[in-house]
Amino acid sequence: MKAEKILDEELILSKLAEVKDPEIDTVSIVDLGMVYRVAAVDTSIKVTLLPTFSGCPALPIIEKNCAEALLELDGADSAEVEFTFSVPWTSDRVTEAGIRGLKEFGIAPPPEFIESDGSWHVDCPYCGSTFVTVENIFGPTACRSILYCRNCRNPFEAMKLVSSNMH
Amino acid sequence: MEKTESGKFEGLTETDQAYLADLLKQLADDDYLLSFRSSEWLGLAPHIEEDVASASISQDMMGHAAMYYGLLGDIYGRDADDLAHFRGPADRRNSILTEKRNGEGEYLDVPKYDWAYHVVRNLYYNMHKKVKLVALKQSSSTPLRDVAAKAAMELYYHELHWRTWFIQLMNSSDDAKARMAAALEKVNGECADLFHLGKYSEDITRKGYIAPASEMKDSFRKEMEKVFDQTDSVFSFPDDQKENGRLGRHTEDLEHALELMSEVYGSVPYAKW
């Protein structure tokens, strides 16, 4: 009989780290802070994810890609993936690896929110300049804005700031 | 659609489920209808960046509708897409404001839409939604609180967007001012049911699902007065109007919207999207 690997949390998370954002292949759903809960009972895995934006059309694709990846694990017979709103995703959930991956792709990480004066700070992902302007808060996807760097004269995108301080 | 958690309303009595279902229909149908009407501006907005912004907002709103339909589906044991597409006008609980056409003409023919109306309607709707989401974040129903918290973060950008457009156009050329005045008059004839809570309004508020309509109306008035203070106009809000969408009494425009919106989905209802 084949010895079955125990499906522990660490193993599941390392598998989920292989599931990339369908549009940004340099960041995983773990890097984006989308993984809320993982659990395994015997050979069944259940993963609960946080949607970044509620209307994001990539969510069903991510759901499918996660389930497929998890079933590749030794000893996994079933993988259930579902989304929850019990904790809202906020942009500060993006990890250090996520920030690096976004920059590598040419997307500035979510702005830093300065609570005292309510301002945001975004740096150009190409040259690092702070001399940037917002062209459009809304971008090609729900989670991104369009900006322009006055220093290196490149248009670029930035992840939108999503914070529970915004109301 | 993606799979979301289920079984959130287990343990509630049937009557409580009926109250919540009516409230969820109001919230879901509002976002669904206005998201559709706003999406009819695709390719027609005044400039390219606005086209991106307006379409992105519509997408977010459809996401909010999907969250509410998901909860409704959890109560009914039905598919969220079916609830969005296959409910007739009499079962719809959206405000009249969200169903009206954008102006004369058809999208696929010669659309002569009114941007001033789009701006005014969206400012009124989004400010109303902001106040409602604040109230829903205090709801006695946990799933409603969770969904409201999610929607509120996205609404932040929407409300800012429409408020900016509104103030700029209200202080712009004489032509813009005249168009905005006409749009304000039109919206005033269609928005009285925004804060109506439907046939179970007393039960819905008694159960603490949402704050009483009068409280929310007061908050709305205060928010809108702050916006109007930056213009030459004075804010007013109607007491009543002929139709009331919250009670399922709609205009012909709703049928028009539902037919168009569910045409593709209804053509092959068993297709997997």
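These legends walk you through four close-up views of a predicted model.

**View 1. Three strands of chain A make an open sheet.** Follow the strands across the sheet and you meet them in the order β1-β2-β3, with mixed pairing. At the edges sit β1 (35-41) and β3 (78-83) of chain A, and each of these pairs on one side only. Ignoring direction, neighbouring strands in this sheet are turned by 15 degrees against each other on average.

**View 2. Strands β2 and β3 of chain A run parallel.** Look here at β2, which covers residues 44-49 of chain A. Six bridges join β2(A) to β3(A). To find one of the matched residues, start at A:I45: its bridge partner in β3(A) is A:A79.

**View 3. Two helices of chain A meet the strands.** Helix α1 (residues 9-16) of chain A packs on the sheet, where it touches β1 and β2 of chain A. The direction of α1 makes about 130 degrees with that of β1(A). Helix α2 (residues 59-70) of chain A lies across β2 and β3 of chain A, and α2 runs at about 155 degrees to β3(A).

**View 4. Chain A touches chain B.** Here, 22 residues of chain A are in contact with 27 residues of chain B. Which elements of chain A give two or more residues to the side that touches chain B? They are α2, β3 and β7 (132-136) of chain A. You have already met α2 lying across β3 in the previous view. Sorted by class, this side of chain A has twelve nonpolar, seven polar and three charged residues.

Methods:
Residues numbered from 1 in each chain as written. Chains lettered and ligands numbered in written order. Predicted model: local features only at pLDDT ≥ 70, side-chain atom pairs only at ≥ 80, totals over all residues. Pairing = 2+ DSSP bridges. Helix = DSSP H or I, 4+ residues; strand = E, 2+ residues; numbered from the N terminus. Axes fitted to C-alpha atoms, helices over the stretch in contact; angles between N-to-C directions. Contact = placed C-beta atoms within 7 Å. Nonpolar A, V, L, I, M, F, W, Y, C, P; charged D, E, K, R; others polar.
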